[in-house]
Amino acid sequence: MIPVIAGVAVLILAAVPAGAAPPAAVPRETDPSIGLLLLAIEARRDHVRVSEALRLSNPGAPRDLELTVGLPEAAVYLTFHRGVVDPVRTTDGFTTRLRLPGGLSEIVYSYAVPSGTSATLVRSFLLRVQRLEVVVRGRGAGLRADRGRAAEPLVIGGETLSRWEVSALDARVPVTIVLDHLPASRPWMPLAGAGGLAVVLSAGLTARLLRRARSREETSAV
Amino acid sequence: MTELGTFALYAALVVAVYGLAAGMLGLRLRDPALLEASRRALPGWAGFIALASGSLVYALVTHDFSVRFVAETTSRGLPLLYTITAFWGGHAGSLLLWALVLGIYGAAASSALRRLNGAPLVYLVLLATAGFFTLTLAISSNPFEALRIPPPDGRGLNPLLRNPWMAAHPPALYLGFVGMTVPFALAVASLIAPGGDGAWLRAARPWVRASWLFLTLGLLFGAKWSYVVLGWGGYWAWDPVENAALMPWLTSTAFLHSIQVHERDGTLRGWTTALLLLSFALSILGTFLTRSGVLSSVHAFANSSVGLYFLVFLGLTTTASIGLLLRSRPAQGTAADMSLLSREAAFLANNVLLVVAAAAVLVGTLFPILAEGVTGDRINVGPPYFNQVMLPVVILLLVLMAVGPVLSWRRSDPRAVGALLAAPAAAGVLAALGGAALGIRHPTVLLVGALCVFVAGTVVAEFARGAAMRRGHGDVLPVALIGLVGRARTRYGGYVVHFGIIVMLAGITASSVFTTQTQVRLAPGERVRLGRYEVRYDGARAWRGPDLRITAATVTAFDGGGAAQLEARHLSYVSRDEVTAEVGIRSTWRDDLYVVLISLSEDERATFRLLINPMVGWLWAGAVLMVIGGVIAAAPARRRPEVERHARADAVPVAEAGVR
């Protein structure tokens, strides 16, 4: 089962032409890099589900790559959707051995991170990222990062998704993504609702008792 | 959904407390408006419980895994039927089901009993019970407990519960268990305000009938599930939770007999009341055993602190019941001129036997806990104990079932009774002799068989006499029979139940004593003979379904007259990493060929356990007859007074003619 947001990530990745990355400023080299890293984030109540789609660029000959990906400390329910074979979960992420063909290849995985009304994701990668794009799905959710700039929102299926872009992120350099106005549960709501009902019913009961007492007083007065 | 469901539970608790407060104040101040508010609180409470239940169903169907209960009991690949029945596939949901059923009964009672003098007391007891369940749900077993981060998929339903019989078993059982609450409330009310004229107990009767009917269905569904799913070849293992359902069934059966005596002459009031209290206590005990996991059982899938709450509730209700019984000491007495050869005496003996049976089952069920508490060692009480204790009870009950219908109220003429019983008794003796001539040497089988025929004889004779009387008025036989049953539903519905019991007993006896079995390892094409069957192993296949892998071995059974293909399966559930079996059964009136796939090797050799279970079909047919009889007896009567008098005249046993 690919979650919706992972599907969105794959969709966006497919829509970006291979020639669109890397930008012209990137120097030519033979080491593999992440040509495009797409972080598709779905804001749900009390947590965000993050799908990371990595378009790996290997300008040299086909090669094996021991890829280590660090994940946020509280990440749970890590799920692999594309391109990852026999991953090994580690305390801070996962490792996998990839057979990189010459040119481009893709891997997609997703995980969930707890959130309140806001959340901060710090992401860094062992490979250089030529272009990082963050997309957030969630009504009213705000998105910013300590690098890059806001991009034109994306409209998919009538839904507008906030975007942020970062270019030329060196290996191991963290980017901090801040999400706010996220949906959060309201555990006080049921209690407040039932409390309101209790007040109304108690008031009705008290009113009845008072009315009764008053009518008895009036009867005894007569 | 978590917020709406939790709100509904809290709101239900508020309404229950409000109803209790209004009811108590109303009784104290004799204020009709407050009493009416208390009465209306019952359907109000039921409405909020229905809202909570609807929320849970919605969460289940929409795979809302942010609800822990949904994540733990369902998965995306689960078929819709089991996604919905997962409602009672876990502890918290099944407690909510308990409350929902109580809501249905409570709302019905608030309407049906409103003209009963003193009904507010009944509503108070119902509201107190409702309050307890809501409190338990809200603080200990909230089915809407949220998961901060929902998993992408759920764990799926316990594979053993993915069966249509198990989908129906818990609701039926709960309709039976919870149905005892209204009669309990009526009994408590009758003890608190003992000035009543027996109307309280009479009012309890339809509720007990409904409850009895659902308990019967629940027991039937559970036995069928055990037979087709667990793959051990049997249908009743004296499992503690099976026993938990059987005990209130036994005591409510006793009530349905004793109430007839009470209705007739006002006697046995204390005893009949005590049966209602006992039935409710046993229902709560049953829920406690199921929910607490205190006993080792396939049903006790939920271990939870809720057991303590139930234990406290059970202790409180039992203590209060005993206290009220001792305080009010309702009139007991029997009619002064009642003889031992009377219907009252037969009903009393039947009551004693049924209560003894319930007590024996209770002792056998609780003994392992008590022994563990005292010695620290777990001692299991198995089928040998239960079979040994129950056999004499069943034999004596069969005798009463045979004799009872021909006895008159108060006093019967022994000669008239003898004359009426002669033919059925002779048929029973002939049946035993016939069985012996056919080579049956098992004395229990011969005795039970003879008694079953004896009972069948008296039941058939009763129908024949009644129909003959009506045919004298010009009715054709089918019309006469329908008219007969329609005009004395309790009586003839009861006879149908009795007939169902003997058909079922015949099946139980034959399948318990004459089962044959073998275990074989076969290659495709190989054959084995078992009894009248020759079984050929045809081959195996495997395929994938939603959330499961299925491995099936096909066999063809030849019985001389024809051939039937059966498939025994292993179902391997991916989401839960569990394997269950599906048995291949060829069912005829004579016997069941029961094929269990034990293992399958890579070279397609299969190991099977094959059983021939004689007359198991009779067991199911008997149970269905019992349910039909229960429905006939429970159906509301539509009689005009003059017709009623006529019906009563019809219902006079022939033996009574000898007394007049």
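**Chains A and B: contact, helices and two loop residues**

Visitor: How many residues does each chain put into the contact?

Guide: In this predicted model, chain B supplies 21 residues and chain A supplies 23 residues.

Visitor: Which elements of chain B give two or more residues to the side that touches chain A?

Guide: Those are α1 (2–29) and α2 (32–61) of chain B.

Visitor: And which gives the most?

Guide: α1(B) does, with 10 residues on the side of chain B that touches chain A.

Visitor: What is that side made of, by class?

Guide: The side of chain B that touches chain A has 14 nonpolar residues, 5 charged and 2 polar.

Visitor: Staying with those helices, at what angle do α1(B) and α2(B) pack?

Guide: The angle is about 165 degrees, and the axes of α1(B) and α2(B) are 8 Å apart. An angle over 145 counts as roughly antiparallel, so α1(B) and α2(B) are roughly antiparallel to each other.

Visitor: Is the crossing left-handed or right-handed?

Guide: α1(B) passes α2(B) in a left-handed crossing.

Visitor: What residue classes make up the contact of α1(B) with α2(B)?

Guide: There are 22 nonpolar and 7 polar residues in the contact of α1(B) with α2(B), and no charged ones.

Visitor: New topic, α5 of chain B. What should its span be?

Guide: Helix α5 of chain B covers residues 91–112, and at 1.5 Å a residue its 22 residues should span 32 Å. The end C-alpha atoms of that helix are 31 Å apart, which agrees.

Visitor: How many residues of α5(B) are buried?

Guide: 17 of the 22 are buried, so α5(B) is largely enclosed by the rest of the structure.

Visitor: Over to chain A. What is the phi of D86(A)?

Guide: Phi of D86(A) is near 45 degrees, which is a positive value in a residue other than glycine.

Visitor: Where is D86(A)?

Guide: D86(A) is in the loop between β4 (76–82) and β5 (88–90) of chain A.

Visitor: Buried or exposed, that D86(A)?

Guide: D86(A) has 8 other C-beta atoms within 10 Å, and the cut-off for exposed is 12 or fewer, so D86(A) is exposed.

Visitor: What about the phi of R172(A)?

Guide: R172(A) is not a glycine either, yet its phi is positive, at about 65 degrees. R172(A) lies in the loop between β12 (159–169) and β13 (175–180) of chain A.

Visitor: And how many other C-beta atoms are within 10 Å of R172(A)?

Guide: The count is 11, so R172(A) is exposed.

Methods. Residues numbered from 1 in each chain as written. Chains lettered and ligands numbered in written order. Predicted model: local features only at pLDDT ≥ 70, side-chain atom pairs only at ≥ 80, totals over all residues. Contact = placed C-beta atoms within 7 Å. Helix = DSSP H or I, 4+ residues; strand = E, 2+ residues; numbered from the N terminus. Nonpolar A, V, L, I, M, F, W, Y, C, P; charged D, E, K, R; others polar. Expected span 1.5 Å × (residues − 1). Buried ≥ 20, exposed ≤ 12 C-beta atoms within 10 Å, placed from the backbone. Axes fitted to C-alpha atoms, helices over the stretch in contact; angles between N-to-C directions. Parallel < 35°, antiparallel > 145°, perpendicular 65-115°, else oblique. Left-handed = near helix turned anticlockwise from the far one by under 90°.
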